[in-house]
Amino acid sequence: TPSSPSSWGSQSNKVCGLCGNFNGNVADDLTTKWNSLVTNPIEFGNSWKSTIACSDVKDQAFPCERNPYCLSWAQRKCSMMKNTLFEACHKKVDPMPYYDACVQEACACDMEGKYLGFCTAVAVYAEACNKAGVCIHWRNPELCPVFCDYYDDPGECSWHYKPCGIMTSKTCSDHHIGKKFSEVLEGAFKHYFNFISLVI
């Protein structure tokens with residue numbers, strides 16, 4: 001992670017909108033289209049509407065408030081991040097913010113949405129653990145499976161899922177200074193190569 005805005009490249013302090021201004025200071029990310037800092041996320045979001053014809057959002061309803069019947073399912077499923085499966089990561093990455101986000105995502109509660117939100121939220125925590133140096137093997141055929149064999153040609157068996165595979169690729173600057181970008185990522189890997197071809 002870059003340590004100062006000056007090391008972030010040419011876009012630092014040159015962007016604005018719903019994703020903030022990319023200056024490294026989260027305290028000023030809720031700056032409206034009219035350059036005023038607000039504390040209300042609804043007011044902030046409404047200021048960035050692309051057309052006045054769109055009506056303003058009046059209140060913020062979280063998924064678990066809209067679908068309270070999904071809350072216990074979401075809490076039960078997401079609790080895996082707080083249990084022994086992820087225990088090796090707990091001292092390096094606090095699971096609670098990820099758990100809370102997972103519960104909200106899983107409360108989407110339509111059949112496809114709740115699994116998509118749940119699986120994505122757990123994958124985000126696993127990625128944070130991975131970046132902290134802890135590889136978690138959490139997926140299995142019954143829990144958020146990844147079917148890498150989908151990418152195999154008929155009769156071929158070369159794509160395999162890895163929770164912490166190594167991707168090494170040249171950067172744009174490699175031509176000039178000889179550096180390589182290397183990252184540990186979850187995804188589908190060709191078993192005979194040492195680089196990732198598809199990131200899940």
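1. Start with N35, which is exposed at a relative accessible area of 66%. This residue sits in the segment before α1 (41-47). Its phi is near 65°, a positive value in a residue other than glycine. Keep in mind that we are looking at a predicted model.

2. C144 makes a good companion to N35. Its phi is also positive, near 50°, and again the residue is not glycine. C144 belongs to the loop between α6 and β1 (159-170). Is C144 buried or exposed? At 7% relative accessibility, C144 counts as buried, because the cut-off is under 20%. N35, by contrast, is on the exposed side at 66%.

3. Now the overall layout. The protein has seven helices and three strands. Going along the sequence, the order is α-α-α-α-α-α-β-α-β-β, so a helix run comes before β1 and one more helix falls between β1 and β2.

4. A few totals for the protein. Of its 200 residues, 34% are buried. The accessible surface is about 13,100 Å², with 57% of that belonging to carbon and sulfur atoms. If you take contacts between residues at least 6 apart in sequence, 49% of them join residues at least 24 apart.

5. On to the largest nonpolar core, which has 29 residues. Those with the most contacts inside this core are C78, M80, M81, F86, F118, V122 and W138. Which elements give two or more residues to it? They are α3 (71-78), α5 and α6 (111-131). Of these, α6 gives the most, with nine residues.

6. Helix α5 (residues 96-106) deserves its own look. Y99, C102, V103 and A106 are buried there. Viewed down the axis of α5, the buried residues fall within an arc of 100°, so they line one face of the helix.

7. C78 ties these pieces together nicely on screen. Leaving aside residues up to four places away in sequence, C78 touches Y99, C102, V103, A106 and F118. Four of those names, Y99, C102, V103 and A106, are the buried residues listed for α5. Both C78 and F118 are among the residues with the most contacts inside the core.

8. Last, have a look at E186 in strand β2 (residues 180-190). What is the relative accessible area of E186? The value is 13%, and the residue counts as buried because that is under 20%. The side chain of E186 has a partner: a polar contact of 2.5 Å joins it to the side chain of R139.

Key
Residues numbered from 1 in each chain as written. Predicted model: local features only at pLDDT ≥ 70, side-chain atom pairs only at ≥ 80, totals over all residues. Heavy atoms only, no water. Helix = DSSP H or I, 4+ residues; strand = E, 2+ residues; numbered from the N terminus. Buried < 20%, exposed > 50% of the residue type's maximum accessible area, 1.4 Å probe, protein only. Contact = heavy atoms within 4.5 Å. Areas by Shrake-Rupley, 256 points an atom, 1.4 Å probe, with all protein chains shown as cover. Polar contact = N/O pair within 3.5 Å; in protein donor to acceptor, adjacent residues only side chain to side chain. Arc of directions from axis to C-beta. Core = buried A, V, L, I, M, F, W, Y, C linked by side-chain atoms within 4.5 Å.
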